[in-house]
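These are my notes from going through one structure, taken in the order in which I looked things up. I began with the whole chain and then moved to single helices and side chains.

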Amino acid sequence: MRYIAAYLLLQLANPEATPSASSIKDVVTAAGVDVDDERVSKLLSELEGKDIEKLIAEGKGKLASVPSGGAAPAGSAAAAGGDAPAAEAKAESEAEESDDDMGFGLFD
């Protein structure tokens, strides 16, 4: 994922140019991450000759067809009885307690 992100950042910086392996490595190492040369070369070989905007559009189309499944459990929980809100409140309180165990908060 980091190599794709670096590729896209370089593409945004200069849409007329195709990012090179060395420029991708520079971006990734600037972020303080080790570079796997095989993954960079595989990424570039997979994207060679392809329009990145078309690939992103195709990916969005494929993701749109994936069912999210979020509505079904909520409906069945409501049909099961009135215990769902109590269980939800208990889960929320446990989540709040687990934050205390870490010794710091998200906004500290």
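**Entry 1: the whole chain.** I kept in mind from the start that this is a predicted model. I looked first at how contacts are spread along the sequence: of the contacts in the protein chain with a separation of 6 or more, 43% are between residues 24 or more positions apart. For secondary structure I found six helices and zero strands, so I looked no further for sheets and wrote the pattern down as α-α-α-α-α-α. Of the 108 residues in the protein chain, 11% are buried. The protein chain exposes about 8,600 Å², and carbon and sulfur atoms supply 57% of that area.

**Entry 2: helix α1.** I checked the length of α1, residues 2–13, against the rise expected of a helix: at 1.5 Å a residue its twelve residues should span 16 Å, and the end C-alpha atoms are 17 Å apart, which agrees. I then listed the buried residues of α1, which are Tyr3, Ala6, Tyr7 and Gln11. Seen down the axis of α1, these buried residues fall within an arc of 135 degrees, so they line one face of the helix. The general rule I had in mind is that an α-helix has 3.6 residues a turn, so residues three or four places apart point the same way. On the other side of α1 I found Leu9, Leu12 and Ala13, which are exposed.

What do the buried residues of α1 pack against? I traced their packing to α2 (21–30), α3 (37–47) and α4 (52–64).

**Entry 3: the nonpolar core.** I looked up the largest nonpolar core and found nine residues in it: Tyr3, Ala6, Tyr7, Ile24, Val28, Val40, Leu43, Leu47 and Ile52. Helices α1, α2 and α3 each supply at least two residues of this core.

I followed two of the tyrosines outward, leaving aside neighbours up to four places away in sequence. Tyr3 is in contact with Ile24, Val28, Asp34, Val35, Asp36, Arg39, Val40 and Leu43. Tyr7, in helix α1, has a relative accessibility of 5% and counts as buried, because the cut-off for that class is under 20%. Tyr7 touches Thr18, Pro19, Ile24, Leu43, Leu44, Leu47 and Ile52.

**Entry 4: helix α3.** Which residues of α3 are buried? I noted Val40, Leu43 and Leu47. They cover an arc of only 65 degrees around the axis, which puts them on the same side of α3. Glu38 and Lys42, on the other side of α3, are exposed. When I asked what covers the buried residues of α3, the cover turned out to include α1, α2 and α4. After α3 comes Gly49, and I recorded that its phi is positive, near 80 degrees.

**Entry 5: Gln11.** Is Gln11, in helix α1, buried or exposed? With 16% relative accessibility, Gln11 counts as buried, since the limit is under 20%. I looked for a polar partner and found that a polar atom of the Gln11 side chain lies 3.2 Å from the backbone oxygen of Pro15. Not counting residues up to four places away in sequence, Gln11 touches Ala17, Pro19 and Ile52.

**Entry 6: Ser20 and Ser23.** I turned next to the loop between α1 and α2, where Ser20 lies. Ser20 has a relative accessible area of 34% and is partly exposed, because that value falls between the 20% and 50% cut-offs. I then took two C-alpha distances from Ser20. Tyr7 is 13 residues away along the chain, with a separation of 8.5 Å, while Val40 is 20 residues away in sequence and 9.3 Å away in space.

Ser23 is in helix α2 and is buried, with a relative accessible area of 19%. I noted that this lies under the 20% cut-off that defines the class. The Ser23 side chain reaches the backbone oxygen of Ser20 at 2.8 Å, and I closed my notes on this pair there.

Conventions:
Residues numbered from 1 in each chain as written. Predicted model: local features only at pLDDT ≥ 70, side-chain atom pairs only at ≥ 80, totals over all residues. Heavy atoms only, no water. Helix = DSSP H or I, 4+ residues; strand = E, 2+ residues; numbered from the N terminus. Buried < 20%, exposed > 50% of the residue type's maximum accessible area, 1.4 Å probe, protein only. Contact = heavy atoms within 4.5 Å. Areas by Shrake-Rupley, 256 points an atom, 1.4 Å probe, with all protein chains shown as cover. Expected span 1.5 Å × (residues − 1). Arc of directions from axis to C-beta. Core = buried A, V, L, I, M, F, W, Y, C linked by side-chain atoms within 4.5 Å. Polar contact = N/O pair within 3.5 Å; in protein donor to acceptor, adjacent residues only side chain to side chain.
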